[in-house]
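Work through the exercises below with the model open. Try each task before reading its solution.

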Amino acid sequence: ARRQTAMLITRGTRGDVQPFAALARGLVLHKDCDVIVVTELCWKRFIKAAGKGLRPGSLRFRPSGGDTTQRVNADVAKLALQWGQHFDSLQALMFSRSEVEFFTSEGCFFHWAWEMRPDFLVFGFLLTHIAMIISEALEIPIVGFSLQPARQIEPRTNPQTVMDEVFGPVREVMNGPQFISVLQQVMERIPDRFTLNDMRASRGLAPCPKNILLSNKQCEELRAQKVPVIVPISPLALGAQAQQLESEGMTLTDFIFLRLGTDSLDAELSDFILQARRDRRRVVAMTFSSMPVGEGKMLDIAAEICRHGMPSVDPGQENQRHHPAVIALCAGQPEEKEVSPTALRLVQEKRLLVLRSPVPFGALFPEVDAAILHGGLGVTSEALIAGLPVVTSGILLMDQRYWAARLFELGCGSEARSLLWLLLLWLLFLLFLLFLLLWLLWLLWLLLLLLFLSGCCSWGGRKASWKDLGSCIRVKVNYCSCCRCSGVTTRSILRAADVYVAVAVHFVASAVGVIILTVILTVRVFDHSAFLP
């Protein structure tokens with residue numbers, strides 16, 4: 001019988017591409033299919049390596065154009081990612097534009113589907129519209145392969161702060177699927193090279209409805225056409241959400257892993273773990289994948305864990321308590337020109353290992369005691385399978401917050417913890433204290449000036465006023481001798497009432513500004529989600 005040909009289309013970082021490589025191997029090994037993976041050119045070598053041991057010609061690669069990794073590492077993208085974790089409105093905007101950003105690859109995907117004529121096409125979460133266009137124009141069956149089943153932004157982990165109470169209702173609306181759907185439809189209509197209807201018109205298809213709906217129209221259409229959507233996630237990991245996703249037409253299976261049969265740890269990594277065991281140290285693995293946290297920040301965190309971390313032990317075994325050893329997996333992070341002396345010392349003491357090349361998590365995680373992760377599906381599922389306690393941190397965006405919440409619900413991880421806000425938070429707090437001190441000194445000076453002027457019976461034959469206060473400030477004269485005042489009395493204060501009112505108004509305006517600043521900074525200081533556990 002003729003082998004079926006499957007075309008897998010995806011774009012993104014390694015975490016988006018690797019599950020499709022694993023699926024391609026599964027289709028070849030267990031379904032005897034020929035598979036064509038269409039993705040970004042930077043992943044060509046990775047896809048080719050995934051075909052190791054397979055039937056010759058069974059796994060092929062075709063380019064889709066674009067380079068998501070390069071875009072993520074751009075300065076503007078880094079800034080958006082850094083601040084996006086603190087503002088749900090910015091996350092909603094990024095979420096709604098995620099599919100639009102890949103519209104430019106529609107021509108490549110369509111060309112390869114037209115040329116290769118696969119029997120069915122498997123598409124990722126962010127290529128739904130493109131897959132539907134290809135299916136409708138070329139009459140090719142499609143299957144969804146969704147790595148991010150949630151269509152909304154995960155609520156914040158700690159809504160007990162004043163700011164969360166104030167903006168809670170607004171965040172609830174922005175994080176909901178209706179708002180995301182409306183914003184996504186708006187983005188699809190904004191002219192940016194071309195819109196969704198431009199792509200459909202170029203393939204001779206009818207345009208999408210002009211009205212903007214509160215629901216996700218492409219998902220509804222997929223359900224109406226009975227298009228299968230596979231979610232490679234264990235229902236146990238999703239808890240109560242599993243039934244909801246299944247009611248929406250999704251099929252939950254189990255985690256999918258890329259196993260080449262040759263995954264093992266190199267000698268350097270194995271020796272480091274063995275030495276830590278001899279020293280009775282727990283071993284912590286830390287990775288943030290392609291999230292631009294920075295190697296320097298990772299090494300600073302690793303040094304703090306090595307120096308101050310102290311795992312708990314059973315009663316009577318306190319003498320076996322030792323500071324842990326850390327494996328910092330810095331692959332995907334820009335390499336720092338200078339490494340801190342503390343980190344270098346820990347490396348020499350064999351308490352810190354810095355690796356800048358990819359490591360198979362399936363082989364590493366069973367050998368360590370805990371993990372600090374960025375919360376992607378692939379690395380999180382590897383930690384779950386290995387039974388590791390997890391701290392989810394780094395840049396906490398859509399799926400990162402989602403998986404942090406799932407781990408916390410399962411009791412195998414902490415709530416999401418931000419690392420990047422901490423230094424900026426304390427810098428703002430110190431600046432606020434400095435500003436408050438200067439403001440108090442300025443206020444004291446104004447009050448003394450008011451008392452001096454309030455004792456003035458006359459000022460050049462007239463009553464003292466706020467203009468005279470200004471002139472005194474400019475020329476820095478001696479306030480007592482400038483008008484030969486006879487001292488501060490009740491009548492003199494009343495005669496200088498306009499000066500008093502001017503200073504009082506200035507004082508009230510300044511006080512309101514300080515109060516507002518105090519409230520904002522106090523909320524941020526005592527917002528526990530901004531700190532490490």
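Two strands count as paired if DSSP finds at least two bridges between them. The model used here is predicted.

**Exercise 1. The sheet**

Task: Find the order of the strands in the open sheet and say which strands are at its edges.

Solution:
- Step 1. Trace the pairings. Seven strands form an open sheet, in the order β3-β2-β1-β4-β5-β6-β7.
- Step 2. Check the sense. The pairing is parallel.
- Step 3. Look at the ends. β3 (59-63) and β7 (250-252) are the edge strands, and each pairs on one side only.
- Step 4. Add the twist. From one strand to the next it averages 25°.

**Exercise 2. Strand β1 and its partners**

Task: Work out which strands pair with β1, and what stands opposite isoleucine 9 in each.

Solution:
- Step 1. Start with β2 (residues 34-39). Five bridges join β1 to β2 in the parallel sense. In β2, valine 38 stands opposite isoleucine 9.
- Step 2. Turn to β4 (residues 120-123). Here β1 pairs over four bridges, again parallel. Phenylalanine 123 of β4 stands opposite isoleucine 9.
- Step 3. Follow the chain from β1 to β2. Together with helix α1 (residues 14-31), these two strands make a right-handed β-α-β unit.
- Step 4. Place α1 on the sheet. The helix lies across β1, β2, β3, β4 and β5, and runs at about 175° to β1.

Task: Are the faces of β1 covered or open?

Solution:
- Step 1. Recall the rule. In a regular strand the side chains alternate between the two faces of the sheet.
- Step 2. Sort the residues. Thr5, Met7 and Ile9 are on one side, and Ala6 and Leu8 are on the other.
- Step 3. Check burial. Five of the five residues in β1 are buried, so both faces are covered.

**Exercise 3. Alanine 131 and helix α7**

Task: Is alanine 131 buried or exposed, and which residues does it contact beyond its sequence neighbours?

Solution:
- Step 1. Locate the residue. Alanine 131 lies in helix α7 (residues 128-138).
- Step 2. Apply the cut-off, which is under 20% relative accessible area for buried. Alanine 131 is at 0%, so it counts as buried.
- Step 3. List contacts, leaving aside neighbours within four places in sequence. They are Ile9, Leu121, Phe123 and Ile142.
- Step 4. Relate two of these contacts. Leucine 121 has isoleucine 142 in β5 as its bridge partner. Three bridges join β4 to β5 (residues 142-145), and the two run parallel.
- Step 5. Step back to the helix. α7 packs on the sheet and touches β1, β4 and β5. The direction of α7 makes about 170° with that of β4.

**Exercise 4. The largest nonpolar core**

Task: Identify the residues that touch the most other members of this core, and say where its largest share comes from.

Solution:
- Step 1. Pick out the best-connected members. Of 39 residues, Leu8, Val35, Ile47, Leu59, Ile233, Leu238 and Trp403 touch the most others.
- Step 2. Find the main contributor. α1 gives the largest share, eight residues.
- Step 3. Check the domains. At least three residues come from each of domain 1 (5-156 + 194-252) and domain 2 (267-410).
- Step 4. Zoom in on leucine 238. Beyond four places in sequence, it contacts Ile233, Leu245, Leu252, Tyr402, Trp403 and Arg406.

**Exercise 5. A buried loop residue**

Task: Why does leucine 258 count as buried, and what does it contact?

Solution:
- Step 1. Locate it. Leucine 258 is in the loop between β7 and α14 (267-278).
- Step 2. Read the accessibility. Leucine 258 is buried because its relative accessible area is 12%, and the limit is under 20%.
- Step 3. List contacts, again without neighbours within four places. They are Gln18, Ala21, Ala22, Arg25, Phe46, Ala50 and Asp263.
- Step 4. Compare sequence and space. Leucine 258 and alanine 50 are 208 residues apart in sequence, with C-alpha atoms 7.9 Å apart.

**Exercise 6. Positive phi**

Task: Where do aspartate 32 and lysine 226 lie, and how accessible is each?

Solution:
- Step 1. Recall the background. Most residues other than glycine have a negative phi.
- Step 2. Take aspartate 32. Its phi is near 55°, a positive value. Aspartate 32 lies in the loop between α1 and β2. At 38% relative accessibility, it is partly exposed.
- Step 3. Take lysine 226. Its phi is positive, about 60°. Lysine 226 lies in the loop between α11 (217-224) and β6 (229-231). With a relative accessible area of 74%, it is exposed.
- Step 4. Add a glycine. Just after α18, glycine 387 has a positive phi of about 75°.

How values were computed. Residues numbered from 1 in each chain as written. Predicted model: local features only at pLDDT ≥ 70, side-chain atom pairs only at ≥ 80, totals over all residues. Heavy atoms only, no water. Buried < 20%, exposed > 50% of the residue type's maximum accessible area, 1.4 Å probe, protein only. Right-handed = clockwise from strand over helix to strand, strands pointing away. Contact = heavy atoms within 4.5 Å. Core = buried A, V, L, I, M, F, W, Y, C linked by side-chain atoms within 4.5 Å. Domains from an automatic or database assignment. Axes fitted to C-alpha atoms, helices over the stretch in contact; angles between N-to-C directions.
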